[in-house]
Amino acid sequence: MWSIRTLRKLSTKCNTQSIEIRKESNHRRCVSRDQSANVYPLRYSTFSQSLIFSLSRLQQSCRRSSLKMPQQKDIVKIAIQMPGAYPQLIQLDQKKPLTAVIKEVCEKWNLQGPDNYALQYADGIQTYITESNRLDIKNGSILHLTKAPGRHAEDLYKGIQCSDSGVRCDSLKLLATVSTDITFAQEFISRDGHSLLVKIVEEAHEAPLIMTHTLTAFMELMDHGIVSWENLSSVFIKKIAGFVNAKVLDTSIQQVSLAILESMVLSSSSLFNEVKLEVTLERLLSHLQVTNQQLQTKAMALLMAMLQAGREADRQELFDFLEKRNLRQYIHKNIIHSSSSVGDEMAHYLYVLQMVRLNHLEPRMRTPLDSYSQEQRDMLHGLRQAAFEIESESGLSNERRRSLCAKEFKKLGFSNNSNPGQDLSRCPPGLLALDTMAYFASRYPDAYSRFVLENSSREDKHECPFARSSIQLTLILCEILRIGEPPSETGSDYHPIFFAQDRLLEELFCICIQLLNKTWKEMRATQEDFDKVMQVVREQITRTLSSKPTSLELFKNKVNALNYSEILKLRQTERLHQEETLALPVLELKERLKPELLELIRQQRLNRLCHGTLFRKISSRRRQDKLWYCRLSPNLKVLHYGDVDGETEMPSIEALQEKIPVADIKSVVTGKDCPHMKENKGKQTKEVLDLAFSITYDVEEYSLNFIASSRTDFCLWTDGLNVLLGKEMSSESMRSELEILLSMEIKLRLLDLENVPIPDTAPPIPKPPSNFNFCYDFSQAEQ
């Protein structure tokens with residue numbers, strides 16, 4: 001059955017006249033002809049009234065025959081509209097041929113020749129309905145009866161050949177729009193319409209606007225893959241390349257031409273070679289310097305296509321040319337630092353360029369050190385010679401020379417002193433780790449020597465091994481920069497700093513290896529903490545790169561500011577966010593719970609004072625074995641204290657002869673402000689000062705002095721005494737216990753909301769209705 005909700009949805013889309021509903025209805029009840037005026041007083045348009053009336057009669061007939069209309073999975077309720085006619089509300093049987101459905105629709109509108117019509121979505125992408133996609137139609141869809149794709153293709157084919165330029169322009173503009181539909185594209189290409197477009201481009205006699213529509217329509221048709229790109233003539237390719245190479249031309253034509261060349265390059269290697277010969281790379285780079293972002297993006301897209309489609313030799317040749325022409329500087333100046341933000345498509349191409357360029361390092365990363373290679377052995381010994389003052393080894397025996405080398409390689413941090421090459425046999429990072437170490441030693445010799453000599457002079461357990469750290473750091477950088485991974489088709493995570501440096505990996509290594517040494521000292525790490533330190537360094541690098549620094553200097557400043565203590569703070573904050581303890585509603589709940597939990601802590605402190613504590617007496621000369629006990633009376637009005645024996649655990653109040661009324665207590669002082677600490681000023685240790693507290697009573701001439709046996713007792717007693725005096729508790733123990741209690745209480749209260757995100761703000765309260773005249777007539781029951 002049709003519900004009021006469905007009728008409202010369809011009739012609103014099918015008719016622009018508004019419908020005002022004044023009575024709340026149950027959407028499972030259909031409107032009958034007799035009840036519609038009393039139960040649902042609505043003002044409908046003429047079409048809507050007739051639509052409801054027809055459905056009401058259908059419902060009444062079903063009721064009379066006591067029939068139920070079950071929802072069938074093959075039946076879809078849709079509306080079909082056509083300009084100048086009332087929309088039709090039908091139940092589409094998905095098992096019925098589409099031609100029969102169109103014929104029935106045409107008969108209701110008295111249209112001749114149903115073969116000349118087709119159904120099309122009215123909203124969004126206006127795709128033709130075919131037997132292959134008809135199952136995608138959903139309940140409530142709005143379809144449009146329009147010209148069949150074959151008839152439409154024939155009309156546009158004739159319009160393109162019209163002698164009137166206005167008709168040609170309109171036809172090509174419409175063709176560029178409808179060619180996105182594959183059903184239409186098949187019909188148009190079957191009439192050899194794409195060849196007609198190729199002819200228009202080759203002759204190049206049309207105005208710029210008409211040429212733009214022609215190229216756009218051609219691009220849309222070719223995107224369906226019905227016609228192969230290799231069927232295009234050399235004349236056409238040269239003409240398209242000429243559009244790109246032209247210095248003065250409409251930018252819209254150049255944008256579409258660049259897109260066409262990109263598709264050619266990606267389709268086959270033969271077309272790649274033709275495009276490479278025809279397109280002037282100098283002109284292509286000049287497109288990156290313009291202010292038109294769309295033209296920049298299309299030029300970058302063609303460059304990336306040429307880099308990806310070519311062979312390794314072609315790719316290297318293109319890279320060499322781009323480096324000579326400073327492509328990196330073009331991008332850094334005209335795209336990354338432009339006044340407008342980088343678009344998503346451009347971000348993808350920058351990501352692709354970064355990945356393709358960094359992947360040139362993959363062969364070195366996958367290659368282990370060859371101990372028989374003289375070049376690689378010289379690089380290893382170059383590290384040793386750059387770090388230590390090398391005396392003449394000519395007069396040394398072979399055994400002595402080997403012993404000296406092994407000792408120095410050990411200071412460099414190699415695990416295998418006699419054969420350090422084995423440390424570089426792991427792939428990745430392979431030879432890339434040797435390259436980064438050699439670059440650091442040659443580019444920053446002072447920092448390199450300082451690192452090695454500083455750690456070689458430390459105690460063995462605290463030294464930071466340079467070689468081992470460098471190998472692991474190189475591996476971390478390879479993983480962060482994703483060296484060796486193919487570019488993703490949807491990736492857009494590029495690093496602006498990549499376009500600020502010619503040798504990004506090596507420069508990052510030089511900064512990060514010094515950061516590693518700094519973090520090692522901050523953590524006071526030993527050899528057992530190596531993996532922990534590397535995890536922190538990885539986090540420092542990742543967090544800094546995620547902020548998208550645009551220069552190496554900015555990266556250096558940020559990563560050094562992110563020290564170990566900052567990392568710990570960030571981890572704690574993220575953990576709290578993950579547990580949703582920092583969400584605004586949770587914080588408000590915490591504030592509401594605090595008074596109750598503080599009262600609980602106060603009671604615990606007072607109970608502890610009532611229980612009492614054993615204290616030792618400390619004189620200025622020596623520590624004595626005398627003990628004394630202090631406790632609060634159950635009515636919280638008197639402090640009782642007195643000397644006790646060592647075996648006494650909890651003396652009774654009667655056994656404690658001294659007492660101080662709580663009402664006479666004036667204040668509680670701690671640390672160096674205590675009278676017994678002032679008397680022995682300069683003679684007490686910091687430990688004793690942290691445990692000392694006193695209470696002053698009467699007219700502040702008398703005091704009772706305490707030295708707690710532990711920090712816990714100190715916090716309990718000072719808090720309890722402050723509670724007795726009506727003051728706030730301020731000890732660190734109170735803050736810690738309050739946080740624990742709050743955390744436990746919050747977790748208990750949020751158990752039902754596990755894995756449910758808590759919004760920062762409450763959802764908005766909806767506006768009140770325009771009137772409150774709600775009614776429903778329950779006297780009318782369905783039969």
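Start by selecting Phe-714: it is buried, with a relative accessible area of 8% (buried means under 20% relative accessible area, exposed over 50%, partly exposed in between, with a 1.4 Å probe and protein chains only). Before you click on, note that this is a predicted model, where local features need pLDDT of at least 70 and side-chain atom pairs count only at pLDDT 80 or more, while totals for chains, interfaces and linings use all residues. Residues are numbered from 1 along each chain as its sequence is written, and side-chain values use heavy atoms, with hydrogens and water left out.

**Stop 1: the rings around Phe-714**

Add Phe-693 to the selection; at 0% relative accessibility, Phe-693 is buried. What kind of aromatic pair do Phe-693 and Phe-714 form? An edge-to-face one, with 5.8 Å centre to centre and 70° between the planes. The rule here takes rings of Phe, Tyr and Trp (its six-membered ring) with centres within 6.5 Å; planes under 30 degrees apart are stacked, over 60 edge-to-face, and the rest tilted. Colour by secondary structure and you'll see Phe-693 in strand β12 (residues 692–697) and Phe-714 in helix α31 (residues 711–724), so the pair ties together parts that are 21 residues apart in sequence. Helices (H or I, at least four residues) and strands (E, at least two) are DSSP runs, numbered from the N terminus.

Now widen the selection to Phe-615, Trp-628, Tyr-641, Phe-706 and Trp-717: together with Phe-693 and Phe-714 they form one aromatic cluster.

**Stop 2: Tyr-494 and its company**

The structure holds 23 aromatic pairs. For another one, pick Tyr-494 and Phe-499: the ring centres are 6.3 Å apart and the planes at 65°, so this pair is edge-to-face. Both partners are buried, Tyr-494 with a relative accessible area of 12% and Phe-499 at 1%.

Keep Tyr-494 on screen and show Lys-548, which lies over the face of that ring, 5.8 Å from its centre. The test for a charge over a ring is NZ of Lys or CZ of Arg within 6 Å of the ring centre and within 35 degrees of the ring normal. For a case with arginine, jump to Arg-151, which lies over the face of Tyr-117 at 5.9 Å from the ring centre.

**Stop 3: salt bridges**

Select Lys-147 and Asp-155 next; their side chains meet in a salt bridge, 3.1 Å from N to O. A salt bridge here is a side-chain nitrogen of Lys or Arg within 4 Å of a carboxyl oxygen of Asp or Glu, and by this rule the count comes to 34. Lys-147 is partly exposed at 27% relative accessibility, and Asp-155 is partly exposed at 34%.

Lys-96 and Glu-104 give you another, with the closest N and O atoms 2.9 Å apart. Lys-96 is partly exposed, with a relative accessible area of 27%, and so is Glu-104, at 36%.

Then go to Arg-311 and Asp-314, which meet at 3.4 Å, N to O. Turn on the surface: Arg-311 is exposed at 61% relative accessibility, whereas Asp-314 is buried at 12%. Add Lys-276 and Glu-317 as well, since you then have a network of salt bridges linking Lys-276, Arg-311, Asp-314 and Glu-317.

**Stop 4: helix α6**

Select residues 165–178. That's helix α6, with 14 residues, reaching 20 Å from its first C-alpha to its last, close to the 20 Å expected at 1.5 Å a residue (the expected span is 1.5 Å times one less than the number of residues).

What caps the N-terminal end of α6? Show Asp-164: a side-chain oxygen of this residue lies 2.9 Å from the backbone nitrogen of Gly-166. For such polar contacts, a pair of N or O atoms must be within 3.5 Å; within protein, one must be able to donate a hydrogen and the other to accept it, and residues adjacent in sequence count only if both atoms are side-chain atoms.

The buried residues of α6 are Arg-168, Cys-169, Ser-171, Leu-172, Leu-175, Ala-176 and Val-178. Bring up α5 (149–160), α7 (182–190), α8 (193–203) and α9 (208–222) to see what they pack against, with contact meaning heavy atoms within 4.5 Å.

**Stop 5: a loop, then zoom out**

Find Glu-654 in the loop between β9 (638–644) and β10 (658–661). Glu-654 is exposed, with a relative accessible area of 69%. Draw a distance from its C-alpha to that of His-640, 14 residues apart along the chain, and you get 8.8 Å.

Finally, show everything: the protein has 32 helices and 13 strands, and of its 783 residues 44% count as buried. Among contacts between residues at least 6 apart in sequence, 65% join residues at least 24 apart.
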